[in-house]
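Student: Please take a close look at one part of this model. I would like to follow a single helix, its ring pair and its packing.

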There are 2 protein chains.
Amino acid sequence: MANMMVIGVDIGGTHMRSALVDSEGQIILRRRTFSENSSGASRATERLIQECRALMDDAARLGGRVAAVGLGVAGKIDSENGRVMFSPHLPALNGHPLASELRDRLEIPVVMENDANAFGIGESWMGAGLGLDNWIGVTLGTGVGGCLFLGGRLWQGDQLGFVGEVGHMIVHPDGPRCACGQNGCLEAHASASALLEGVESAASRGILAAGPLFDFWRARKLTAERVFHCANQGNAVAQALFQRMGWALGLALANLFRVLGIRHAIIGGGVSSGWDQFIIPLEKSMSQYSCMLDIGVIDVRRSVLGDDAALLGSARLAVNVVN
Amino acid sequence: MANMMVIGVDIGGTHMRSALVDSEGQIILRRRTFSENSSGASRATERLIQECRALMDDAARLGGRVAAVGLGVAGKIDSENGRVMFSPHLPALNGHPLASELRDRLEIPVVMENDANAFGIGESWMGAGLGLDNWIGVTLGTGVGGCLFLGGRLWQGDQLGFVGEVGHMIVHPDGPRCACGQNGCLEAHASASALLEGVESAASRGILAAGPLFDFWRARKLTAERVFHCANQGNAVAQALFQRMGWALGLALANLFRVLGIRHAIIGGGVSSGWDQFIIPLEKSMSQYSCMLDIGVIDVRRSVLGDDAALLGSARLAVNVVN
């Protein structure tokens, strides 16, 4: 019998990353392309089908067979009906029955989850969540996503299409404007967008001194990673932005630990590469807001799987469908 | 065989309320006395034993038998060892093995829970939580307590001694000082203490106009209930304090609904009698902070059992021990 394999796909606002994965979570082969988000749902779906067919061919060449596909997609997902309800960073897919269309075309089972939930499933399967029953997952990227594991399982709440939305918790009602329209969301303090807007704001207030950060800003070549490097090199504006990130994360997690009565969190996503700049402010913030908590037992961990967390989580969902 | 009955006790900072309850939740007889909190743990324990013995005698007279006692106590409770870990409003009991001492003296099983958890168990048994799987409980009293029901059961988290601490969620980091030492807790916006301190602050700023509220304040006879009556009579300071309460509750619940992916909350405690003054500001606040939520399905209910919720919840815990 052919070796059972699955495909995991992580569809972000810019890139679509996919991989051929075995049932033990070993990544056999990776692909990466653009999401084709701006050209409409049918173009994005075609690109996704191409990627899956290429991986299915690869599987066959390796003597294997793809049994199912798992998709991790940013936004409100109706997993049951395989439909993207609303995706702020992938507007072309809004309302699109992506998973069910893919299933019809590829003739294999396809499951879809929110990308932050997929991140959590990945970390729980073979990352920082291994062996933890109760924990909060936070993904720091263009926006801030989240997930909740309770009693060893991904918590789905009342199946309302939103859950684990840590990014839109308000940490300061008079805080910076968020892309969602609210003021003071965690996302407006702790995302890549928050870093870039923070530099923009510093520049407009005339407090961005000459140097690499100023140069990147003037050349419109700012990225979260560059803000991080400038913070490491001692730039005060960049460091203050990471301190704000750590403060906001500490407050949000302290609030949630108090209500959930738990003590573990896992932080991932691309911007978690700025860990060394925000972890000390985060710990300081949590100590400041420690009422009812036992700070000594709090355990905030960094993602182990990094960029592969959502990819592997999606693959795991596919494995579950087959088993 | 004698009719099985239990005793439920709700021990607050000032009063100790107890009742003889049958296994169906019918209250047969009530007692109420002072908590004797200021005179030390042994005096408070003796008073509790007196109350229980009186109810046991009553049960015998009625042809029944008390099978167990359930205690609801404000603070951090170590249910497993029957010990009060830390109680801000009952400092005499800090560290005291209240439940285990009571068990030894009365020679029947005694269980103890945090009073907000007892409130939740009561509402879930025969109140506003009947039939609800997932909901947040909030008790508005001298302080603000809370509990969490997930999957139809009281959520206990990692058994760290704190859970459901909604009152110490920070809703505004620059907000008013809380008794716990933090700034901007929900409790500092939405408790009886917050109402009284709000009037105090208005008086010190010279914006408390002549009238009943001013008179109560000057005579040092302010209570949360009087602030509520003055709000009903149109006093602007009192109304603003209930608006602040509703705003803070709306923000805190919106943040929790987003993360938990659920849609039900039940509000109880003595200060929930101010419902008519804070519910509209609460709904307005939740609409303002509705990112990712479907406001149309949100359901914030008022406690059905009122003052009896924690008493009945404690009784239910006692029934569970016997069955």
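**Helix H9 of chain A**

Tutor: At 12% relative accessibility, Trp275(A) counts as buried, since buried means under 20% relative accessible area, with exposed over 50% and partly exposed in between (1.4 Å probe, protein chains only). This is a predicted model, in which local features need pLDDT of at least 70 and side-chain atom pairs count only at pLDDT 80 or more, while totals for chains, interfaces and linings use all residues. Residues are numbered from 1 along each chain as its sequence is written, chains are lettered from A and ligands numbered from 1 in the order in which they are written, and side-chain values use heavy atoms, with hydrogens and water left out.

Phe278(A) is buried too, with a relative accessible area of 0%. Trp275(A) and Phe278(A) both belong to helix H9 (residues 275-288) of chain A, where they sit three residues apart, about one turn of the helix. Helices here are DSSP runs (H or I, at least four residues), numbered from the N terminus.

The structure holds eight aromatic pairs over all chains. One of them joins Trp275(A) to Phe278(A), edge-to-face, at 5.6 Å centre to centre and 70° between the planes. Rings of Phe, Tyr and Trp (its six-membered ring) pair if their centres lie within 6.5 Å; planes under 30 degrees apart count as stacked, over 60 as edge-to-face and the rest as tilted.

Now the packing. The axes of helix H8 (residues 236-260) of chain A and H9(A) come within 7 Å and cross at roughly 45°. Axes are lines fitted to C-alpha atoms, for helices over the stretch in contact, and angles run from 0 to 180 degrees between N-to-C directions. H8(A) is therefore oblique to H9(A): angles under 35 degrees count as roughly parallel, over 145 as roughly antiparallel, 65 to 115 as roughly perpendicular and the rest as oblique. The crossing of H8(A) and H9(A) is right-handed, meaning that the near helix is turned clockwise from the far one by less than a right angle, whereas anticlockwise would be left-handed.

Phe278(A) appears again in this contact: on the H9(A) side the residues include Phe278(A), Pro281(A) and Leu282(A), and on the H8(A) side they include Phe242(A), Trp247(A) and Phe257(A). Contact means heavy atoms within 4.5 Å. The residues of this contact divide into 12 nonpolar, six polar and no charged. Ala, Val, Leu, Ile, Met, Phe, Trp, Tyr, Cys and Pro count as nonpolar, Asp, Glu, Lys and Arg as charged, and the others, Gly among them, as polar.

Definitions and conventions:
Helix = DSSP H or I, 4+ residues; strand = E, 2+ residues; numbered from the N terminus.
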